[in-house]
Amino acid sequence: YSTATSKTFKPTAAGTYTARVNVKDNNGTVVSKDFTVTVKAPALVNSSTISAASVNVNTTVTLTGKASGGTTPYNYAYYYKKSTASDWTKIAAYSTATSKTFKPTTAGTYTARVNVKDNNGTVVSKDFTVTVKAPALVNSSTISATSVNVNTTVTLTGKASGGTTPYNYAYYYKKSTASDWTKIAAYSTATSKTFKPTTAGTYTARVNVKDNNGTVVSKDFTVTVKAPALVNSSTISATSVNVNTTVTLTGKASGGTTPYNYAYYYKKSTASDWTKIAAYSTATSKTFKPTAAGTYTARVNVKDNNGTVVSKDFTVTVKAPALVNSSTISAASVNVNTTVTLTGKASGGTTPYNYAYYYKKSTASDWTKIAAYSTATSKTFKPTTAGTYTARVNVKDNNGTVVSKDFTVTVKAPALVNSSTISATSVNVNTTVTLTGKASGGTSPYKYAYYYKKSTASTWTKAYVTSSGSAYTKYDSVTFKPASAGTYNVKINVKDQYGEGDVVSKEFTLTVK
């Protein structure tokens, strides 16, 4: 109780309520008044939402359950169907889940539904119209290169998005000046094809993509096809050779347009005109042989199918090979008065060759000329005395270069041979005996010494004595007359002109009766 004349209350559930107000006066008298109040639950409201009313195929659509009114708690169920369909597809049965999704896989108009059910079992539906579109078909195909050389492979790669899968690809190309396309490959699922342009120019390459609905989108590429620069990579077998050596030029090329033709030339660097080795042909190798020393230029021209010509020059040093004196001698050791042959022989240098021949005793300072320079390739000399000799052959080439070759020759006197004789080996007392000196070998003239003695004697008696008292004489015959009987030893010594080496003796036994 109070003096407050107004109070409120809020019924929390539907039903019929009685409200009462008691009034008590100052005397304590109480008077009541009742009121009947009918309390109703508010209408259940489905205020669910959808994430989008227009999407592309395969885009996720979110349904969000939301409600008011009715009696809590609420439960939600989710559905969708294509507008042309009679049956709903259940996304999720009743639960307290306030969000569910679905993803339409084909284009068209869809109806999406959210049912809300309150605690009293009241159900309120809410429908949404969803327009599902196939995204525009996009041709994102690529090409491996837009500028290539002739005969280079170009790869077209088919790639697409949007539209409706699966995709099929077709591939084409044409020269920009052509009206018709060349089909590389008809429609298939192959995502890569190649072509190889064989001539220079501007080409258009095309990839068509067709989706499952038959929509076709083309993508074109401009390809510049160039003939690569003509390169002359010819080679030469050598850049430094001797006169009369074969030089090989090998034609080699790349780039430009095939087939290639080659021409070959050379000239002495001091010359103004080229000597043609071979005119243009497909021959990839030619030779030439320089016949004189000097510096040469060799050239290979390569010409491609378009007539483009590229030259390549080589500098070739041509040398006369070093003059070599390969002369020979018939013997390096001979006897006195033996003929020795010197043979002139040469190589290198520049022909023709001339030869000169000499000899001298090694103790001499001056040479004896056997023969002056001529083309004669053989000369002889005959040493008349023993000793060591030097023999020489000079060779001179056409440029005047001279190369000498010396030979040491040992000249020997042949062994001294004593072939002396005695007139008899048995005589009577007082009979003349002739001793004859005779020799060969060694070096003439010879000298002889004549001796005899009785075999029992120890010393020799000279059979002949010169005025100077020497036993040696140039006489090749002397005599003696044994005056008594007995056995005698007779000896003849021979000594040659120089008295070199040993004296050779020859003995005889003489019986005197």
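Strand S1 contributes 6 residues to the lining of the largest pocket, the most of any element. The model is predicted, and the pocket in it holds about 510 Å³ of space. Its lining comprises 16 residues, and those nearest the centre are Ala4, Ser6, Lys7, Arg20 and Val21. By type, the lining of this largest pocket divides into 7 nonpolar, 6 polar and 3 charged residues. Rolling a probe the size of a water molecule over the atoms shows where empty space is left.

Two of the residues nearest the pocket centre, Ser6 and Arg20, can be placed further. Ser6 sits in the segment before S1. With a relative accessible area of 55%, Ser6 is exposed, because the cut-off for that class is over 50%. The C-alpha atom of Ser6 is separated by 44 Å from that of Ser95, a residue 89 positions away along the chain. Arg20 also counts as exposed, at 54% relative accessibility.

**Salt bridges**

The whole structure contains 5 salt bridges. Three of them are listed here, with the N to O separation of each pair.

| Acid | Base | N to O distance |
|---|---|---|
| Asp34 | Arg20 | 2.5 Å |
| Asp313 | Arg299 | 2.6 Å |
| Asp406 | Arg392 | 2.6 Å |

In the pair of Asp34 and Arg20, the aspartate belongs to strand S2 (residues 30-39) and the arginine to strand S1 (residues 15-24), 14 residues apart. Asp34 is partly exposed at 40% relative accessibility, whereas its partner Arg20 is exposed.

The bridge between Asp313 and Arg299 links strand S32 (residues 309-319), which holds the aspartate, to strand S31 (residues 294-303), which holds the arginine; the two residues are 14 apart. Asp313 is partly exposed at 38% relative accessibility, and Arg299 is partly exposed at 21%. The class of Arg299 follows from the cut-off: buried means under 20%, so a value of 21% falls outside that class.

In the third pair, Arg392 is in strand S41 (residues 387-396) and Asp406 in strand S42 (residues 402-412), so the bridge ties together parts 14 residues apart in sequence. Arg392 is partly exposed at 22% relative accessibility, and Asp406 is partly exposed at 39%.

**A nonpolar surface patch**

Val21, Val23 and Phe35 make up a nonpolar patch on the surface, and together they have about 260 Å² of accessible area. Val21 is also one of the residues nearest the centre of the largest pocket. Phe35 is placed in strand S2, and its relative accessible area of 38% makes it partly exposed.

**Backbone exceptions**

Most residues other than glycine have a negative phi, and most peptide bonds are trans. Against that background, a cis peptide bond joins Thr72 and Pro73, with omega about 0 degrees. Pro73 lies in the loop between strand S7 (67-68) and strand S8 (75-82). Another cis bond, also with omega about 0 degrees, joins Thr165 and Pro166. Pro166 is in the loop between strand S17 (160-161) and strand S18 (168-175).

Asn58 is not a glycine, yet its phi is positive, about 65 degrees. Asn58 is found in the loop between strand S5 (54-56) and strand S6 (61-64), and it is partly exposed, with a relative accessible area of 47%. Asn430 likewise has a positive phi, near 65 degrees. The loop that holds Asn430 runs between strand S45 (426-427) and strand S46 (433-436), and Asn430 is partly exposed with a relative accessible area of 47%.

Technical notes. Residues numbered from 1 in each chain as written. Predicted model: local features only at pLDDT ≥ 70, side-chain atom pairs only at ≥ 80, totals over all residues. Heavy atoms only, no water. Salt bridge = Lys/Arg side-chain N within 4 Å of Asp/Glu carboxyl O. Helix = DSSP H or I, 4+ residues; strand = E, 2+ residues; numbered from the N terminus. Buried < 20%, exposed > 50% of the residue type's maximum accessible area, 1.4 Å probe, protein only. Patch = residues over 30% accessible without salt bridge, like charges linked within 9 Å, V, L, I, M, F, W, Y side chains within 5 Å. Areas by Shrake-Rupley, 256 points an atom, 1.4 Å probe, with all protein chains shown as cover. 1 Å grid on protein atoms, 1.4 Å probe; cavity = no way out; pocket = protein on both sides within 12 Å on 5 of 7 lines; lining within 4 Å. Points joined across faces, edges and corners; volume = space filled by probe spheres on them. Nonpolar A, V, L, I, M, F, W, Y, C, P; charged D, E, K, R; others polar.
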